[in-house]
Amino acid sequence: MDKGMLVVLSGPSGSGKGTVLKEFLKDEDFGLSVSATSRKPRPGDEEGVTYFFKTREEFEEMIKNDEFFEYAQFGGNYYGTPKKYVLDQINNGKNIILEIEVQGAMQVKKAVPDAVLIFMTTPDITVLRERLEGRQTEEQEVVDQRIEIALSEIEYLNCYDYLVVNDDLEKTVEDLKTVVEKAREKKRNNNEFIKKFKGEN
């Protein structure tokens, strides 16, 4: 069985990743990776769909055993991307898209060298600031922090395979589809050549 494709999407907060992904997933045969969390389930949450729910002790044990690509703490709870879940999915031929920050993406690339890394951002820092301020959900101090983080994240651009600039939702969704198709075609051609080289065709 051919392995599934692992796509990693990163980019600054405010770049519109979530909105673009929602549209992208409507037409594409990709699943979103499921994260683990130490927070308590809420009404409507489903184990293995919304999150993998862990106790704080279980989560910390997983950290100790190096079972996450990346993890962080928000509001007193842990959140992380379990390696086993992602690797099991792609080994079973499923395509998975992972929306994680830059440091986590670098960890994924180490563990899964053929993962396709895509960086999504706004056309420039001014547009990003406008979007963040336009949300009116965060204090100015938080917006300023997010801008600082964005400026450090953009330095990792050369570690990514593709750049997608989110200027217009419809066009950005199409750009993401094009990039994924290019990567898929490349993988297909490489796999066929490997088989041909080994005389397996």
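## Salt bridges, strand pairing and nonpolar cores

The side chains of Glu-138 and Arg-135 are joined by a salt bridge, with N and O 4.0 Å apart; the term denotes a side-chain nitrogen of Lys or Arg within 4 Å of a carboxyl oxygen of Asp or Glu. Glu-138 is partly exposed at 25% relative accessibility, and Arg-135 is likewise partly exposed, at 39%, where buried means under 20% relative accessible area, exposed over 50% and partly exposed in between (1.4 Å probe, protein chains only).

The model is predicted, and local features need pLDDT of at least 70, side-chain atom pairs count only at pLDDT 80 or more, while totals for chains, interfaces and linings use all residues. Residues are numbered from 1 along each chain as its sequence is written, and side-chain values use heavy atoms, with hydrogens and water left out. The pLDDT, which is the predictor's confidence in each residue from 0 to 100, has a mean of 91 over the protein chain, with 99% of the residues at 70 or more. Confidence is lowest in strand S5 (residues 68–74), at a mean of 87, and highest in strand S8 (residues 116–121), at 97; helices (H or I, at least four residues) and strands (E, at least two) are DSSP runs, numbered from the N terminus.

The structure holds 19 salt bridges, including the three in this table.

| Pair | Closest N to O distance |
|---|---|
| Arg-184 and Asp-29 | 3.0 Å |
| Glu-138 and Arg-135 | 4.0 Å |
| Glu-181 and Arg-188 | 3.9 Å |

In the pair formed by Arg-184 and Asp-29, Arg-184 belongs to helix H7 (residues 169–197) and Asp-29 to the loop between helix H1 (17–27) and strand S2 (31–32), so this salt bridge ties together parts that are 155 residues apart in sequence. Arg-184 is buried, with a relative accessible area of 16%, whereas Asp-29 is exposed, at 52%. Both residues belong to a network of salt bridges that links Asp-29, Glu-181, Arg-184, Glu-185 and Arg-188. Within this network, Glu-181 is partly exposed with a relative accessible area of 36%, and Arg-188 is partly exposed at 37%.

Strand S6 (residues 77–82) is mostly covered, since five of its six residues are buried. S6 runs antiparallel to strand S3 (residues 36–37), to which two bridges join it, and Ala-36 has Gly-80 as its bridge partner in S6; strands count as paired if DSSP finds at least two bridges between them. S5 also pairs with S6 in the antiparallel sense, over six bridges, and Pro-82 in S6 is the bridge partner of Phe-68. The two strands S5 and S6 form a hairpin with two residues between them, and Gly-75 in the turn has a positive phi of about 55°.

In soluble globular proteins, nonpolar side chains tend to be buried together. A nonpolar core is here a set of buried Ala, Val, Leu, Ile, Met, Phe, Trp, Tyr and Cys residues joined through side-chain atoms within 4.5 Å. The largest such core has 25 residues, of which Leu-6, Val-8, Leu-98, Val-108, Leu-117 and Tyr-160 touch the most other members. Two or more residues come from each of strand S1 (6–10), helix H2 (56–64), S5, helix H3 (83–91), strand S7 (96–99), helix H4 (102–111) and S8, and H4 gives the most to this core, with four residues. Apart from neighbours within four places in sequence, Tyr-160 is in contact (heavy atoms within 4.5 Å) with Ser-10, Val-102, Ala-105, Met-106, Leu-117, Ile-118 and Phe-119. A second, separate core of 17 residues includes Val-7, Leu-21, Met-120 and Val-173.
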